[in-house]
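Visitor: I would like to learn how to read a structure feature by feature, beginning with the way strands are joined. Could we go through one together?

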Amino acid sequence: MTATSDREQIAALAARANDNRVNLDFETEGMTLNMGPQHPATHGTLRIVARLDGEQVISAEPVPGYMHRGYEKLVEVRSYPQINTLVNRIDWLGSFANEVPFILAAEKLMGVEAPPRAQWIRTILFEMSRIANISLFLGDYGLQLGAMTAGFYAFRDREHVLNQIEAATGGRFHPNFDRIGGLKDDLPKGWITDSHRAMDKLLAFCDELDDLLVGNEIFQSRTRGIGVIPRDIALSYGLSGANLRASGVDWDLRRDSCPPGLVYDQADWKVWTHPDGDCFGRTWVRLQETREAALIVKQLLDTIPSGPVMAKVPRIIKVPEGEAYVETENPLGAMGYYIISKGDLVPFRVKIRSASFNNISVVPWVARGAYVPDLISILGSLYFILGDIDR
Amino acid sequence: MSQLSSADTTTETPAEEATEVEIDERRQAVLDELTARLGDAVVGSHIRPGDDLWVRVERAAWPEAAQVAKALGYTWFDFLSGIDWLPSPFGRDMDAQVDLQVSGAPVKEPAPLVQGYAGGDTRFQVFARLYSIAAGMGIHFKADLPDDELSIGTWSRTYFGADWHERETAEMFGFHFEGHPHLVKLYLPADFQGFPLRKDFPLLARRVRPWPGIVDVEPMPGGDESEGEGE
């Protein structure tokens, strides 16, 4: 027997002895806990199979697929404007943000650029979807950890943004407003003033929540130091958005490689990061991002140029042959569409890279060794939308 | 007036070209570095200036390509998936096949099998994207999979995130990833037969049900056909 296998055997024996001792001390035995498919903390139908030793999680394996709709197959028989309706349903809380990278990728293949006014309105609506999406997180995460009040405040103030999205696009949740070459419509009368007012309310809401939830001692003790994801692990799993920035990675696609068609360089704003990589860091970064998004919207509202909202594009959209990938910083993280076109009415293949899919794949790593109540903290703070995992 | 506009273009054009060439050089440098480290394993490449880089590697060098890219600073894992280049035997129509048969539409000849950027020799390809946050650039990797051996080395040791992506690709295309720790179905039920994202897997809903799109076609409001058809 070689030295390495000796050492391995000793390690294995020690590990088993350790397990036995835990079991003897507390008279517990391994247990499998099925969370979901329907569980309040899973935002839909995600199932988590956790193996427990007492209160401690030995392994946690997410089981997605209860809502898999096969979008990558469905888009192969739909025209580009029809696909726009489908992709709205991926991340259903920030629907407009789902449309943008898809439309931008198609525009890139066609060589079309939206007029400046359309680019401005696109960016504003993109940020409004971010606010609508993340403010729900801020309320709901409090709810999951036992802070009922935050939930009511978030749902109340989220309405202001949803009303503005509805006023501009006609849809509260599924706007289907973006078009190849521009937007469906111009803004309604009085929308800019109303939006300013809504953003002011949102900024007040952020301050309120800062005191009420993030500054709360119980909330902090439930989230600080829980579910720490180090920087290199986060990168290796392909985490993105606030989950990555909370691990200290200063990277935001809006600032660092903003695709043409969005005008983030026209506003003065800041990317927030947190060094800790724990549940608290992720919440804190999201709160700052909501505030920052409201400030971006307010600045862009004042500088919207005049002009048309639609470029000249053919009535029947045929995308030239080629491949293109466009990725944007969506509310949940980096979302991209890889379009392969053969010059037809329908794409040949579309690969949808959704943020939550990567974000939730880190759960087996981060949940190992956590306690059961902390599992709720961790799942909530990674913030996933089921449609964004299952597609 | 015309003089002025021509003067404008002459001053602008060199500046635009300069930036484009500069960005192109950055991607060329990455490609050269990859070629130097991987040697003959790099069998194809494509650069779209200022936008993206595609690299096709030998199947045997697929795991090594990930390690080399990671050493070059491409630490952020974006996605991994597969492509089936077979032109669909069911056509690429939006209309249901049943409608086409009833209306007596001629049977379309399938288009020839043509691979995309960075070329290819086989029907199936694996493709993935890695990103360097420091450089602000991404690389698309592709690799050919021969029909008789749909198997390739895993990336999940280099990039943990590739674990789930490979499981999804395996169930959707029927590929095997050698060395993957837990290659079971991710979305589909465990007893599901077939590989849905292959082109010869029919989308049954579209085969058997009349598609409403073909029935209620009404003219677009406002303007005649010539107005919308502009370039």
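Guide: Let us begin with pairing: two strands count as a pair if DSSP finds at least two bridges between them. Please keep in mind throughout that this is a predicted model. In chain A, Thr328(A) has Met335(A) of E7(A) as its bridge partner, and the two strands concerned, E6 (residues 322-330) and E7 (residues 333-341) of chain A, pair in the antiparallel sense over nine bridges.

Visitor: How many residues does the hairpin that joins E6(A) to E7(A) pass through?

Guide: The hairpin connects E6(A) with E7(A) through two residues. E7(A) also pairs with strand E8 (residues 349-353) of chain A, again in the antiparallel sense, through five bridges, and within that pairing Ile340(A) is matched with Arg349(A) of E8(A).

Visitor: What holds the strands of a sheet together in general?

Guide: Strands of a sheet pair through backbone hydrogen bonds, and the pairing can be either parallel or antiparallel.

Visitor: Is strand E7 of chain A mostly covered or mostly open?

Guide: For a strand one counts how many of its residues are buried, and in E7(A) nine of the nine residues are buried, so that the strand is mostly covered. For chain A as a whole, buried residues make up 51% of the 391 residues, while for chain B 32% of the 231 residues count as buried.

Visitor: Which residues touch the most other members of the largest nonpolar core?

Guide: That core has 151 residues, and those touching the most other members are Ala105(A), Ala106(A), Leu125(A), Leu138(A), Ile339(A) and Val55(B). Helix H5 (residues 116-144) of chain A gives the most to this core, contributing 14 residues. Taking one of the core residues as an example, and leaving aside neighbours within four places in sequence, Ala106(A) is in contact with Tyr80(A), Ile180(A), Val319(A) and Ile339(A).

Visitor: Why does the radius of gyration of chain A agree with a compact globule?

Guide: One compares the value with the one expected for the chain length: a compact globule of 391 residues would have a radius of gyration near 21 Å, and chain A has 23 Å, which agrees. The C-alpha trace of chain A spans about 75 × 50 × 35 Å along its principal axes, and the chain contains 16 helices and eight strands. Of the contacts in chain A with a separation of 6 or more, 72% are between residues 24 or more positions apart.

Visitor: In what order do the elements of chain B run from the N terminus on?

Guide: Chain B has six helices and seven strands, and these follow one another as α-β-β-α-β-α-β-β-β-α-β-α-α. The order along the chain is then compared with the order in space: five strands of chain B form an open sheet in the order E1-E2-E5-E4-E3, with mixed pairing. Its edge strands, each pairing on one side only, are E1 (42-48) and E3 of chain B, and neighbouring strands of the sheet are turned by 20° against each other on average, direction ignored.

Visitor: Which strands of that sheet does helix H2 of chain B touch?

Guide: Helix H2 (residues 62-71) of chain B packs on the sheet and touches strand E2 (52-57), E4 and E5 of chain B, with its direction at about 170° to that of E5(B). H4(B), by comparison, lies across E3 and E4 of chain B and runs at about 10° to E3(B). E4 (residues 124-132) and E5 (residues 137-145) of chain B are antiparallel and are joined by nine bridges; in this pairing Phe127(B) has Lys142(B) of E5(B) as its bridge partner.

Visitor: Why does Ala65(B) count as buried?

Guide: Ala65(B) lies in helix H2 of chain B, and it counts as buried because it has 26 C-beta neighbours inside 10 Å, where the cut-off is 20 or more. Not counting residues up to four places away in sequence, Ala65(B) touches Leu38(B), Val57(B) and Phe141(B).

Visitor: How many residues of chain B are in contact with chain A?

Guide: An interface is read from both sides, and here 33 residues of chain B are in contact with 35 residues of chain A. On the side of chain B, strand E3 (76-84), helix H4 (162-173) and helix H6 (225-228) each supply at least two residues, with the largest share, six residues, coming from E3(B). By class, this side of chain B has 17 nonpolar, seven polar and nine charged residues.

Notes. Residues numbered from 1 in each chain as written. Chains lettered and ligands numbered in written order. Predicted model: local features only at pLDDT ≥ 70, side-chain atom pairs only at ≥ 80, totals over all residues. Core = buried A, V, L, I, M, F, W, Y, C linked by C-beta atoms within 7 Å. Buried ≥ 20, exposed ≤ 12 C-beta atoms within 10 Å, placed from the backbone. Helix = DSSP H or I, 4+ residues; strand = E, 2+ residues; numbered from the N terminus. Contact = placed C-beta atoms within 7 Å. Nonpolar A, V, L, I, M, F, W, Y, C, P; charged D, E, K, R; others polar. Rg over C-alpha atoms; globule rule 2.2 N^0.38 Å. Axes fitted to C-alpha atoms, helices over the stretch in contact; angles between N-to-C directions.
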